[in-house]
Amino acid sequence: MPAEEWEQIDSEPAFDDPHFRVRRDTVRLPSGRIADDYLVGVLEDYALVVAVTADDRVVLTRQWKQGVRRVTLELPGGKLDAGEAPVDAAVRELREETGFVAHELELLASLDVDASKAANQGHVFLARGAERRHEPEPHEMEAPEVVLVPLDEVTALLENGSIRGAASVAGLLLALGRAC
């Protein structure tokens with residue numbers, strides 16, 4: 001049976017905070033049934049960067065993430081500011097979190113974070129020839145440790161679960177597919 005669009009009947013805020021919003025949608029399913037409590041997270045889009053240095057090392061960050069309550073190893077990145085283009089956010093976040101810059105960024109993909117329960121996208125960029133030019137300037141809620149990983153060791157980190165964030169995994173696999 002082919003997939004069918006759901007009819008949007010209504011949508012209203014269910015929770016509204018500067019950092020996290022939830023909307024309650026009322027929809028008519030293809031069967032005709034009305035679902036009046038479909039909750040969707042409305043988060044900011046974000047940008048992630050697979051930054052690769054001239055000597056083929058990937059720039060990663062290691063830091064505490066409260067959502068999963070553990071230290072993570074992941075790609076540098078963060079949310080887009082209001083009106084900011086994804087590529088501009090990628091450049092800014094790479095510099096803020098790691099002190100690295102790259103002159104050319106290539107969009108690898110714009111990913112739906114969770115198509116069922118979230119209304120945001122993660123934009124993943126490949127930055128070749130990344131160089132450390134500045135001291136990191138993280139936000140007050142961040143304390144990233146910059147970790148440089150040889151490109152030929154990234155697959156092992158993905159396979160052994162050292163890198164678990166879905167967008168970081170997807171971004172690194174896409175970059176590896178391009179042979180960085």
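**Exercise 1.** How many of the residues of strand E4 (residues 46–53) are buried in this predicted model?

*Solution.* Begin with the count for the strand as a whole: eight of the eight residues of E4 are buried, so that each has under 20% relative accessible area. Next, take the two faces in turn, where Tyr-46, Leu-48, Val-50 and Val-52 lie on one side, while Ala-47, Val-49, Ala-51 and Thr-53 lie on the other. Both faces of E4 are therefore covered, by the criterion of under 20% relative accessible area for a buried residue.

**Exercise 2.** Work out which strands are joined to E4 by bridges, and in which direction each pair runs.

*Solution.* Start with strand E10 (residues 121–132), which is joined to E4 by eight bridges in a parallel arrangement, and in this pairing Leu-48 stands opposite Val-124. Turn then to strand E7 (residues 77–79), which runs antiparallel to E4 and is joined to it by three bridges, with Tyr-46 opposite Lys-79. Finally, E5 is also antiparallel to E4, through two bridges, and here Ala-51 faces Val-59 as its opposite residue.

**Exercise 3.** Follow the chain from E4 through E5 to E6, and identify the turn residues that have a positive phi.

*Solution.* The step from E4 to E5 is a hairpin with three residues between the strands, and Asp-56 in its turn has a positive phi of about 60°. The step from E5 to E6 is again a hairpin, with four residues between the strands, and in this turn Arg-69 has a positive phi of about 55°. To complete the picture, five bridges join E5 (residues 57–65) to E6 (residues 70–74) in an antiparallel arrangement, in which Lys-65 stands opposite Arg-70.

Terms used. Residues are numbered from 1 along each chain as its sequence is written. This is a predicted model: local features need pLDDT of at least 70, side-chain atom pairs count only at pLDDT 80 or more; totals for chains, interfaces and linings use all residues. Side-chain values use heavy atoms; hydrogens and water are left out. Two strands pair if DSSP finds at least two bridges between them. Buried means under 20% relative accessible area, exposed over 50%, partly exposed in between (1.4 Å probe, protein chains only).
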